Amino acid sequence: IAASQPSTDWHLRENGREHHTSKFSSKELIVRRGQAFVVTFNGTEQPEQNFTFIAETGPKPSKLTRTQATFGISSTVSKDSWSAVLKSTSSNSVSISISSPPNAVIGRYKLGVQSGSSSPTSLGTFVLLFNPWSSGDDVFMPNKAECEEYVLEEFGIIFAGNKNHISSFGWNFGQFQGDILDICLSMLDRSLSHRQDPVTDVSHRNNPTYLGRVLSAMVNANDDQGVVLGNWSGNYDGGISPSSWTGSGEILQSWKKSGFRPVKYGQCWVFAAVLTTVLRCLGIPTRTITNFSSAHDADRNLRVDEFYDASGNHLDRAADSIWNFHVWNESWFSRSDLGPSYNGWQILDATPQEESEGIYQCGPASRKAIKEGDVELDYDCPFVFAEVNADCMYWNYDTATGKKNLIFSQSTTIGQFISTKAVGRDDRVDVTSDYKYQEGSKEERDVFKKARKKLGLEDKFDPTAPTLEEVEQKPDISGKFKVAGPLQIGKDLNLILVLANLQSDAKTVHVNMTAWSTVYTRRPVHEIWKDSKSITLSPKEEKQFPIKIPYTGYQQQLTTDNTIQVTALCHVEGGIQVLVQRDITLDSPTIDIQVLNEARVNKEVDVEVVFTNPIDTEVSNCVLLVEGSDLLRGILKIEIPPLKAGDISSTKFKLTPFETGPKHLVVNFSCDKFANIKTFKMVNVVD
């Protein structure tokens, strides 16, 4: 298309309103496929019947790959191809309504017009996105409130903690801010599939199944110099601790500004949040999902093995693991590759855990296929099925001889309280029943058997599996850890080990106890405490043993996840070992935000953040980070003077909101004793 430029009016406001794209702050037209948009251009003397329009995208546009369309003016809109309908003409300008098919390739297009036999004239460029409001689109979402939440909402809530203690924090997705759309489009152009075969790659960009899979690979840095580099070591030197981020914008901008070098560092919620931003930006309805007690089954046997030594230390020697929580994505689209019963929510996971087809990508796996145990279907269903369904085996491992004995197995631990944010509200919704039938029900066990059969596990001899004798052994005692006091950083940790004799004869028990700080994947990082005792339990007796781990004993060892795993390995004389364990997530102190006057668009508003130092020593290196789409651009960083024991810090700052409506301010406070205390506040901006 030649470059001479007649003046083009893209009707940005009107088209933006009609196409639900007015939140983008772009001077370029951004519209959704399968829906008409209006464009007016002048400087043409030809009768409009002779016009031919050319829309093209990608490096080598062609009709064959459906990356180029030529179309004249017709009297009606075509359902399945590009078309143009004349709206009005004046002496020197023409207004045309252009429609794209609902399965058009998405991306940046050049639009040209040709009259008669003259060479084509460029009208400029526009960006075409997926259209969840259009019934012909693969991403069509009939519920308008869900479209608002899963495509247009720039704020989200991510759930974390553990199954005994669910916590949450706010996240600024910011998909319409600044140049995020351009960064998302460059992610597609930097993918391995695009580098290997740009023409074929662009021709597949009409398909959300394809794009979702490509982007699940591009959000992590493995294989392709993607956006975020993962780090689960507990040591985040040379980068930013994963818990410090409060939004995706800063991450995507850093990636672009550094010349597309991976941003350090991310963990699962960071990968999931960035993928949410990218997919919502492109128009695919997407949400984050948190799975508690999430299995990472590395060897596809639907079983997760954990190993403990004789002292009760959790050994970091298995490829398998059970994470306190794991965050992935669900995106809404139809699966023409699988058939209509697998349409709807699809699981995508950008966290690099296992390779799929040679690279770190995961999904889309149909949520319906996971619930029904149809693990043979594309993509990565066995891995996702295991995340919510695997059985757990706990082994005692002798580090000297390499021998292992099964302590016990569980089939109901994995995949609990699967959570996501409610539509239009800041509440948690439990979606566990969409992933599996009631735990312990006949349907649930039938689905598990069906999945094992499809994976060829049910009749293969497995030398690592426990023997029937090991599985059948019944313990003589039972045990549990009870919490006896606040689970707060800065306070001593008080627990009670409760042991009960299940038999009618006395038992002697040798108990080895340990406490380790961990990351949220339950990987042990530092030993905090250990103790051992020998006790006698009378017939049917229950005894309680208080445990106190002082704040000074764990403060230096805690990771930014604030998690501690406490273990008691009980050696019963003449009986089998009993493992008692509990994962504890400590709460940070709270911070409070107040908006001090009415928030009006383009007017300054005062905000106050208050923090009280709850511990009896001074805290220093205090930093406050503030962000929020449409409330401020970028991140506001405020350094706060040190706070003595019990002191209250009040920090005031001003914002100038630039859009109306309900907006969210996300705040993160850190100091030398407390990492990443987060909170958020809804700010309703009026005209």
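Contact here means heavy atoms within 4.5 Å. With that in hand, I will start with a helix pair. The model is a predicted one, so please keep that in mind throughout.

Helix H3 covers residues 180–189 and helix H8 covers residues 268–282. Their axes are 10 Å apart, and the packing angle is about 100 degrees. Angles of 65 to 115 degrees count as roughly perpendicular, and H3 and H8 are therefore roughly perpendicular to each other. Which residues in H3 and H8 meet? From H3, Ile 180, Leu 181, Cys 184, Leu 185, Met 187 and Leu 188 take part. On the H8 side they meet Thr 277, Val 278, Cys 281 and Leu 282.

How many of the residues of H3 are buried? The count is 8 of its 10 residues, so H3 is mostly covered. The buried residues of H3 include Ile 183 and Ser 186. Ile 180, Leu 181, Cys 184, Leu 185, Met 187 and Leu 188 are buried as well, and these residues were named a moment ago as meeting H8.

Next, the annotated binding site. An unreviewed UniProt entry places the feature "binding site" at Asn 389, Asp 391, Glu 439 and Glu 444. These positions span 56 residues in sequence, but no two of their C-alpha atoms are more than 12.6 Å apart, so they gather at one spot. From this set, Asn 389 and Glu 444 belong to the lining of the second largest cavity.

Taking Asn 389 by itself, this residue sits in helix H10, residues 381–389. Is Asn 389 buried or exposed? Its relative accessibility is 6%, so Asn 389 counts as buried. Leaving out residues up to four places away in sequence, Asn 389 touches Ile 414, Lys 436, Glu 444 and Phe 448.

Glu 439 has another setting. Its place is in the loop between helix H11, residues 432–435, and helix H12, residues 442–454. With a relative accessible area of 25%, Glu 439 is partly exposed. Beyond its neighbours within four places in sequence, Glu 439 is in contact with Ser 411, Thr 412, Ile 414 and Glu 444. Ile 414 and Glu 444 are also among the residues that Asn 389 touches. The side chain of Glu 439 makes a polar contact with the side chain of Lys 436, at 2.9 Å, and Lys 436 is in turn touched by Asn 389.

Staying in helix H12, we come to Asp 446. Asp 446 is partly exposed, at a relative accessible area of 34%. Its side chain makes a polar contact with the side chain of Lys 442, at 2.5 Å. Asp 446 and Glu 372 are 74 residues apart in sequence, and their C-alpha atoms are 9.3 Å apart in space.

Now some backbone geometry. Which peptide bond has omega near 0 degrees? That is the bond from Asp 378 to Tyr 379, which is cis. Tyr 379 lies in the loop between helix H9, residues 367–372, and H10. The peptide bond from Lys 264 to Tyr 265 is cis too, with omega near 5 degrees. Tyr 265 is in strand S13, residues 263–266.

As for phi, His 20 has a positive value, near 55 degrees, in a residue other than glycine. His 20 is in the loop between helix H1, residues 12–18, and strand S2, residues 29–32. At 27% relative accessibility, His 20 counts as partly exposed. Ser 293 is not a glycine either, and has a positive phi of about 55 degrees. Ser 293 is in strand S14, residues 286–296, and counts as buried at 8% relative accessibility.

On annotated domains, the unreviewed UniProt entry places "domain: Transglutaminase-like" at residues 260–352. This span is 16% helix and 44% strand, and its end C-alpha atoms lie 18 Å apart.

My last residue is Thr 514, in strand S26, residues 507–518. Thr 514 counts as buried, at 2% relative accessibility. What does the side chain of Thr 514 reach at 3.3 Å? The partner is the backbone oxygen of Gly 312. Among the residues that Thr 514 touches, not counting those up to four places away in sequence, are Ser 311, Gly 312 and Asn 313. The list also includes Trp 529, Lys 530, Gln 565, Val 566 and Thr 567.

Key
Residues are numbered from 1 along each chain as its sequence is written. This is a predicted model: local features need pLDDT of at least 70, side-chain atom pairs count only at pLDDT 80 or more; totals for chains, interfaces and linings use all residues. Side-chain values use heavy atoms; hydrogens and water are left out. UniProt positions are given in the numbering used here, feature names are shortened, and annotations may be inferred rather than shown by experiment. On a 1 Å grid over the protein atoms alone, a cavity is a set of points where a 1.4 Å probe fits but cannot get out, and a pocket is an open set with protein on both sides within 12 Å along at least five of seven lines; lining residues have an atom within 4 Å of a point. Helices (H or I, at least four residues) and strands (E, at least two) are DSSP runs, numbered from the N terminus. Buried means under 20% relative accessible area, exposed over 50%, partly exposed in between (1.4 Å probe, protein chains only). A polar contact is a pair of N or O atoms within 3.5 Å; within protein, one must be able to donate a hydrogen and the other to accept it, and residues adjacent in sequence count only if both atoms are side-chain atoms. Axes are lines fitted to C-alpha atoms, for helices over the stretch in contact, and angles run from 0 to 180 degrees between N-to-C directions. Angles under 35 degrees count as roughly parallel, over 145 as roughly antiparallel, 65 to 115 as roughly perpendicular and the rest as oblique.
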